Amino acid sequence: MKATELWEQFIEDYPEQKNANYEAWSYGAYPDELAELTLRGIKTATTSGYELYEIEDESIPQENELSIILDGNGNAVCIIKISKVYVTPFNKVSKDHAFKEGEGDRTIDYWRKVHIDFFSKEYAITTGFSMKKL
């Protein structure tokens with residue numbers, strides 16, 4: 001299903017959202033797996049590189065924004081509403097946040113490992129900076 005088709009179904013159920021804006025996007029790593037975890041309600045949080053928003057001239061997500069989560073083929077999987085946004089240093093991400101990301105064994109150690117790997121690649125591509133220096 002395309003994002004526009006899912007949006008049309010959504011506004012049939014929630015007509016008050018008809019004029020709302022949404023953004024359709026997929027997770028940067030493992031889009032199919034993470035979209036499925038989101039659909040199942042296991043993944044209720046995510047992490048982005050704050051500086052990457054500035055580099056790409058994008059604003060950070062805002063509370064109450066709606067997003068359509070796409071799989072790796074661009075198919076719409078579900079719609080989410082952002083309930084909380086906060087900025088924190090990488091080394092201050094909490095165990096609770098790592099658990100809410102729903103990935104792997106849901107521990108902070110697992111979270112750090114996969115996010116260092118992911119963001120090292122992303123930052124190296126856009127800035128030349130490597131998180132492995134941390």
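I began with the hairpin of β2 and β3, where I found 5 residues between the strands and noted that G74 takes a positive phi near 85°. I keep in mind throughout that this is a predicted model.

Next I looked up how the two strands of this hairpin run, and I found that β2 and β3 pair in the antiparallel sense over 5 bridges. As one point of reference in that pairing I wrote down L66, which stands opposite K81 in β3.

I then turned to the other partner of β2 in my notes, strand β1 (residues 22–25), which pairs with β2 in the parallel sense over 4 bridges. Here L66 in β2 appears again, this time with Y22 standing opposite.

Are the residues of β2 buried or exposed? I found that 5 of its 5 residues are buried, so that the strand is mostly covered. Looking at the two sides separately, I noted L66, I68 and L70 on one of them and S67 and I69 on the other, and both faces are covered.

I picked out I69, which has its place in strand β2, for a closer look. Its relative accessibility is 0%, and because the limit for a buried residue is under 20%, I69 counts as buried. Leaving aside residues up to four places away in sequence, I listed what I69 touches: W25, Y27, A35, T38, N75, A76, V77, C78 and I80. I also checked I69 against R40, and the two are 29 residues apart in sequence and 12 Å apart in space, taken from C-alpha to C-alpha.

My next entry concerns helix α2 (residues 31–39), in which L34, A35, L37 and T38 are buried. Seen down the axis of α2, these buried residues fall within an arc of 160°, so they line one face of the helix. I wanted to know which strands the buried residues of α2 pack against, and I found β2 (66–70) and β3 (76–81). Two of the helix residues, A35 and T38, are already in my list of what I69 touches. After α2 comes G41, for which I noted a positive phi, near 80°.

Last, I moved to helix α5 (residues 108–126), where S120 is found. S120 has a relative accessible area of 7% and is buried. Which backbone oxygen lies 2.6 Å from a polar atom of the side chain of S120? I traced that oxygen to I116.

Methods:
Residues numbered from 1 in each chain as written. Predicted model: local features only at pLDDT ≥ 70, side-chain atom pairs only at ≥ 80, totals over all residues. Heavy atoms only, no water. Buried < 20%, exposed > 50% of the residue type's maximum accessible area, 1.4 Å probe, protein only. Arc of directions from axis to C-beta. Contact = heavy atoms within 4.5 Å. Pairing = 2+ DSSP bridges. Polar contact = N/O pair within 3.5 Å; in protein donor to acceptor, adjacent residues only side chain to side chain.
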